[in-house]
Amino acid sequence: MSKINTTNTTTNKKSAIFEMEKFIEKYKLPIGIVSAVVLIALPLLGLSQYIMRILIMIGIYSMLGMGLNILTGYTGQVSLGHAGFYAIGAYCSALLSLKFGFNFIIAALLGASLAAICGLLLGLPTLRLKGTYLSIVTLGFGEIVKMVLMNWDKVTNGTLGLKNIPRPSLFGFELTLSNNGIYYMMLALVALVTVSCIVIIRSKIGRAFLSIKEDELAATMMGIKTTRYKVLAFVISAFITGIAGAFYASMISFIDPNSFTFDTSTLIISIVILGGMGTIRGMFLGSAILISFPEVSRFLMDYRFVVYGLILILMMRFRPQGVLGWKSQMPYKFPKLARKAMDKTEAKA
């Protein structure tokens with residue numbers, strides 16, 4: 001009798017998820033328009049700069065979460081050193097803006113490209129590593145980046161950091177927190193990163209990532225070049241993280257090595273696990289919870305990473321897929337080329 005009740009409960013949950021996804025799929029355009037209008041209109045509600053800064057940080061960590069999610073959530077490669085890519089993007093963009101007068105867009109792209117190159121250099125020698133061993137190597141990478149930033153005084157200004165980093169500008173108009181320009185640029189970057197991640201995951205590359213995560217040996221037997229795709233996952237993940245770092249440096253106007261510690265890497269992976277590995281939607285929820293949490297619980301500031309650890313333990317025990325990490329119940333949509341090939345095969349038969 002208990003087995004029947006458990007089966008019924010599971011079926012009800014699946015049907016509820018299916019109905020919700022069906023509703024979202026049916027009305028995704030109106031829902032998207034309403035969400036965009038609400039986000040665009042938020043600064044018009046007279047919110048304080050303090051609240052706007054929190055919203056911007058949520059957007060930045062959403063991008064960081066999506067970057068790590070490509071590597072960990074979709075490809076199954078765990079990284080504990082993403083603060084290193086974050087720092088590379090931030091420092092490279094800041095130095096190009098300060099010393100060479102590059103505008104934000106070019107500096108951010110170059111900074112993200114350097115982070116991607118470092119991702120390539122990190123990915124190549126770690127191809128045969130998995131699980132704990134890969135985590136240790138990426139952790140070491142993050143610490144190496146931090147030590148380089150602290151000791152390369154001639155370039156990074158050491159522990160004193162870089163200050164007076166130029167803010168982004170558009171057609172000569174400086175984007176700041178007071179005129180809400182930084183907020184709208186954050187929205188644009190988050191939207192761009194989100195769309196890019198969705199396109200990647202729904203492409204041949206994304207399906208290869210998922211196959212590697214589920215069963216690397218089976219993926220190899222099916223002809224997927226797992227080595228190439230694992231390195232590509234590192235590169236894409238590092239590039240997205242570098243973009244977030246470049247924007248953070250420009251927004252805050254001051255960076256130092258202490259802005260990119262192991263605590264930052266812990267926070268990013270906590271966002272991915274809490275929100276739901278292998279989902280885009282989870283990155284927004286995870287970042288909203290973990291970025292706003294310290295602001296509403298100042299009395300726990302000294303123990304926030306203890307709380308993060310407890311959250312991770314509880315999530316791994318009771319809901320390892322994350323808060324929004326359920327599997328889609330919607331029928332799988334084959335790519336157009338695959339559908340055409342299937343139609344031709346059926347017609348011949």
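Reader: Looking at Phe85, is that residue buried or exposed?
Author: A heads-up before you zoom in: this is a predicted model, where local features need pLDDT of at least 70, side-chain atom pairs count only at pLDDT 80 or more, and totals for chains, interfaces and linings use all residues. Residues are numbered from 1 along each chain as its sequence is written, and side-chain values use heavy atoms, with hydrogens and water left out. Buried means under 20% relative accessible area, exposed over 50%, and partly exposed in between (1.4 Å probe, protein chains only). Phe85 comes out at 0% relative accessibility, so it counts as buried.

Reader: How many aromatic pairs does the structure hold?
Author: Rings of Phe, Tyr and Trp (its six-membered ring) pair if their centres lie within 6.5 Å. On that basis, the number of aromatic pairs in the structure is 10.

Reader: What kind of pair do Phe85 and Phe141 make?
Author: Planes under 30 degrees apart count as stacked, over 60 as edge-to-face and the rest as tilted. The ring centres of Phe85 and Phe141 are 4.8 Å apart with planes at 40°, so the pair is tilted.

Reader: Which helices hold Phe85 and Phe141?
Author: Helices (H or I, at least four residues) and strands (E, at least two) are DSSP runs, numbered from the N terminus. The pair ties together parts 56 residues apart in sequence, because Phe85 and Phe141 lie in helix H4 (residues 82-100) and helix H6 (residues 131-151).

Reader: And what angle separates the planes of Tyr248 and Phe260?
Author: Both Tyr248 and Phe260 are buried. Their rings sit 6.2 Å centre to centre and form an edge-to-face pair, with the planes at 85°.
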